[in-house]
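Me: I would like to go through this structure by asking what stands behind each label put on it. Please set each value against its cut-off before you conclude.

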Amino acid sequence: MSESAAATAPDRIELRGLRVHGNHGVFEFEKREGQDFVIDVTLHTSVARAAATDDLTETIHYGELAEDVAGIVENTTFDLIETLAETIADHCLNLCEHVEVVVHKPSAPIRRTFNDVSVSVERRRPAAANGTDGSAERSEAYLNLGANLGDARDTLDQAVEALERHPEISVEKRSSLYRTAPWGGVEQNDFLNLGLIVTTTLTAAELLAVAQGIEVACGRTRELRWGPRTLDIDLIRFGTGGHELVSDTDRLTLPHPRAHERAFVLAPWAELDADVTVLTPQGRRPIGELLDDLDDQEVTRIT
């Protein structure tokens, strides 16, 4: 459905009064002790096909939506509920083109008597740029996925399926599965990793938001850097050749600045594209040469 159709369609799916305990606020005691937040979400989307077919797969599963939103509240920590509302809206734009989110903070630390504090945001998915034939332009990206908690193989399969279901992402190539030693010196189980080459009409920031939403849906938390992960999805490269995106912001650095140091990133990538060159501080180098330099890192192809 086009953005203009979504904007005028009378259909909505609403989730109201979702109460979740979270640790958001500018004060240390808010982050330490937490408090209840109440979330309202309105998705503007056509339900005509689902109504006609009586098929759950043709609509947005509000039970899954509730769990995804609850996961964002529980597994993130922000100073501002404005940021929390924006993060929830970004996730919901993976499901529809127009969303309204209200975050209520009924226990906000205010000295005066009050009924509620809330922040409301309304967001629409940006229109994709069009090519000369009128079709949306597609970019290629390389993603690296890893997991070492729970049923890691099943989690990775679920993540790939979630990416494939997104209407603006196509999984073009999937690597074998690799068993890799953990990175960063934290004592933990080995990881399972795989690589994906995808094409998408999303921007790099939007693709990253989709990946982070899938992480949250799979129970990802971020307490310990380089620590155990239920699921980790890294955006390594966006674009190819002369169209590769270079970005250095607080939210997104591309190409990934440490990809050339990590065999668990390079081995699946080399399987998918043996001729790719990777940016390093010394310039671009063939991926095969980089892997030769990292032969002391334990990476084993298992499927």
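Me: What percentage of the residues of the chain count as buried?

Reply: This is a predicted model, and in it 46% of the 303 residues of the chain count as buried. The chain is built with 9 helices and 14 strands, and about 15,800 Å² is exposed, of which carbon and sulfur atoms supply 47%.

Me: What makes F27 and F29 an aromatic pair, and why is the pair called stacked?

Reply: The ring centres of F27 and F29 are 5.7 Å apart, and the limit for a pair is 6.5 Å, so the two rings qualify as a pair. Their planes stand at 15°, and because stacked requires planes under 30 degrees apart, the pair takes that name. A search of the whole structure finds 2 aromatic pairs.

Me: Why is F27 called partly exposed?

Reply: The relative accessible area of F27 is 42%, and since buried means under 20% and exposed means over 50%, this value lies in between and F27 is therefore partly exposed. F29, with 37% relative accessibility, counts as partly exposed by the same reasoning.

Me: How do you know that Y142 and W269 are stacked?

Reply: Y142 and W269 have their ring centres 4.5 Å apart with 10° between the planes, and because the limits are 6.5 Å for a pair and 30 degrees for stacking, both conditions are met. This pair links distant parts of the chain, with Y142 in strand β5 (residues 139-147) and W269 in helix α8 (residues 263-272), 127 residues apart. Both Y142 and W269 are buried.

Me: What makes β5 largely enclosed, and which strands pair with β5?

Reply: Of the 9 residues of β5, 7 are buried, so the strand is largely enclosed by the rest of the structure. β5 pairs in the antiparallel sense with strand β8 (residues 191-200) over 9 bridges, and also in the antiparallel sense with strand β9 (residues 232-238), over 6 bridges; because at least two bridges are required, both count as pairings. Y142 itself stands opposite I197 in β8, while its bridge partner in β9 is R237.

Me: How do you know that the span of helix α5 is close to the expected one?

Reply: Helix α5 (residues 81-92) has 12 residues and reaches 16 Å from its first C-alpha to its last, against 16 Å expected at 1.5 Å a residue.

Me: Which residues of α5 are buried, and why can they be placed on the same side of the helix?

Reply: The buried residues in α5 are I81, L84, A85, I88, A89, H91 and C92. They cover an arc of only 160° around the axis, which puts them on the same side of α5. Among the elements covering these buried residues are β2 (35-44), α4 (62-75), β3 (98-104), β4 (118-124) and α7 (204-217).

Me: Why is α7 called largely enclosed?

Reply: In α7, 10 of the 14 residues are buried, so the helix is largely enclosed by the rest of the structure; A204, L207, L208 and E215 are among them. From its first C-alpha to its last, α7 reaches 20 Å, close to the 20 Å expected. The helix is followed by G219, whose phi is positive, near 90°.

How values were computed
Residues are numbered from 1 along each chain as its sequence is written. This is a predicted model: local features need pLDDT of at least 70, side-chain atom pairs count only at pLDDT 80 or more; totals for chains, interfaces and linings use all residues. Side-chain values use heavy atoms; hydrogens and water are left out. Helices (H or I, at least four residues) and strands (E, at least two) are DSSP runs, numbered from the N terminus. The expected span of a helix is 1.5 Å times one less than its number of residues. Buried means under 20% relative accessible area, exposed over 50%, partly exposed in between (1.4 Å probe, protein chains only). The arc is that of the directions from the helix axis to the C-beta atoms. Contact means heavy atoms within 4.5 Å. Accessible areas come from the Shrake-Rupley method with a 1.4 Å probe; for residues, only the protein chains shown count as cover. Rings of Phe, Tyr and Trp (its six-membered ring) pair if their centres lie within 6.5 Å; planes under 30 degrees apart count as stacked, over 60 as edge-to-face and the rest as tilted.
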